Amino acid sequence: MLGRAVRIIEVFGPDAPALGVSELARRTGLHVATVSRLVEHLVGYGWLQRDADRKVRIGMRLWEVASRASPALPLREAAMPFMEDLHAVVRQHIQLAVREGDEVLFLERLSARRAVINLTRIAGRLPLHASSSGEVLLAHAPAEVQERVLGGVLSAFTPYTVTDPKALRARLADIRRDGFALCAGFIDERATGVAVPVRGPGGPVVAALGVVVPNDAGARTVIPALRATALGIGRAMGLSPDENRV
Ligand code: PHB
């Protein structure tokens, strides 16, 4: 019962924000009658809400309970003032991401009206190898995660995405040495991502902070500001000055 309710909730996404019962049944593989009954319960709890046309969408109550005690909250609260300052200077996309298993999960994103195309969404995921934030998090992930990703399918978003495990392994070593990842055209040919690690108290990498800029915008010039911002976020979380490492 609980598993089925979770299946229903997990079907919703940016391309499917509102769904009817039969569409939910098709997408979850559950019977229409089962979906209908569970949707009724979930609407009752406020975890789903009904549109005027009877389609259902994620309820505000679900957002409320998930946000209130979210594990991402301390990181997000420490990061936002620093991200806003960086955004005021860079005026492109600034994003904060963590590793969730073998994927990068974007917690926050600040954008500008005329900023370059950006595929990342808040609460959206990408494979670890394909973006600058993902590469930073992969470079600092436990060895077994790195080996699993390097030994798995490395999908290409564009002809520039690095899909050769040997080349990716070398990039990860460079990222650990240089303290940043730069991905030109990996996700979309028109955009370059640059990201740096964010270290938490004691020094472990807890997140990646990145910008997405047009290819000709001199992505490297942003790196010093990105580093200073990442150190600020770490300090706000309790990183001590002697643990500061880029
Ligand atoms: C990146 O972090 O490298 C990145 C992410 C999203 C994009 C482009 C680049 O759309």
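This passage walks through a predicted model, from its annotated domains to its cores, an enclosed helix and a few places on the surface.

Two stretches of the chain carry domain annotations from UniProt. An unreviewed entry assigns "domain: HTH iclR-type" to residues 1-60. In the model, this stretch is 55% helix and 10% strand, and the C-alpha atoms at its two ends lie 22 Å apart. The feature "domain: IclR-ED", also from an unreviewed UniProt entry, covers residues 61-239. Here the chain is 39% helix and 23% strand, with 34 Å between the end C-alpha atoms.

Turning to the interior, the largest nonpolar core contains 27 residues. Within this core, the residues with the most contacts are Met83, Ile94, Leu96, Leu209, Val211, Leu226 and Ile233. Helices and strands both contribute: at least two residues each come from helix H5 (73-90), strand E3 (93-100), E4, strand E7 (191-199), strand E8 (205-214) and helix H9 (223-236). The biggest share is that of H5, which gives seven residues. Another core, of 25 residues, lies apart from this one, and its members include Leu150, Val162, Leu172 and Phe186.

Helix H6 offers a friendly example of how burial can be read from a model. Residues count as buried when their relative accessible area is under 20%. Eight of the eight residues of H6, which spans residues 132-139, are buried, so the helix is largely enclosed by the rest of the structure. The residues in question are Ser132, Ser133, Gly134, Glu135, Val136, Leu137, Leu138 and Ala139.

The loop between E4 and E5 gives a view of the surface. One of its residues is Ile117, which is partly exposed because its relative accessible area, 35%, lies between the 20% limit for buried and the 50% limit for exposed. Together with Leu119 and Phe157, Ile117 makes a nonpolar surface patch of about 230 Å².

Ala123 also sits in this loop, which runs between strand E4 (103-110) and strand E5 (125-127). With a relative accessible area of 62%, Ala123 is exposed, because this value is over 50%. Exposed as it is, Ala123 still has partners from elsewhere in the sequence: leaving aside neighbours within four places, Ala123 is in contact with Leu105 and Phe106. Pro201 is 78 residues from Ala123 along the chain, and the C-alpha atoms of the two residues are separated by 24 Å.

Note on methods. Residues numbered from 1 in each chain as written. Predicted model: local features only at pLDDT ≥ 70, side-chain atom pairs only at ≥ 80, totals over all residues. Heavy atoms only, no water. Helix = DSSP H or I, 4+ residues; strand = E, 2+ residues; numbered from the N terminus. Buried < 20%, exposed > 50% of the residue type's maximum accessible area, 1.4 Å probe, protein only. Contact = heavy atoms within 4.5 Å. Patch = residues over 30% accessible without salt bridge, like charges linked within 9 Å, V, L, I, M, F, W, Y side chains within 5 Å. Areas by Shrake-Rupley, 256 points an atom, 1.4 Å probe, with all protein chains shown as cover. Salt bridge = Lys/Arg side-chain N within 4 Å of Asp/Glu carboxyl O. Core = buried A, V, L, I, M, F, W, Y, C linked by side-chain atoms within 4.5 Å. UniProt positions renumbered as here; feature names shortened; annotations may be inferred.
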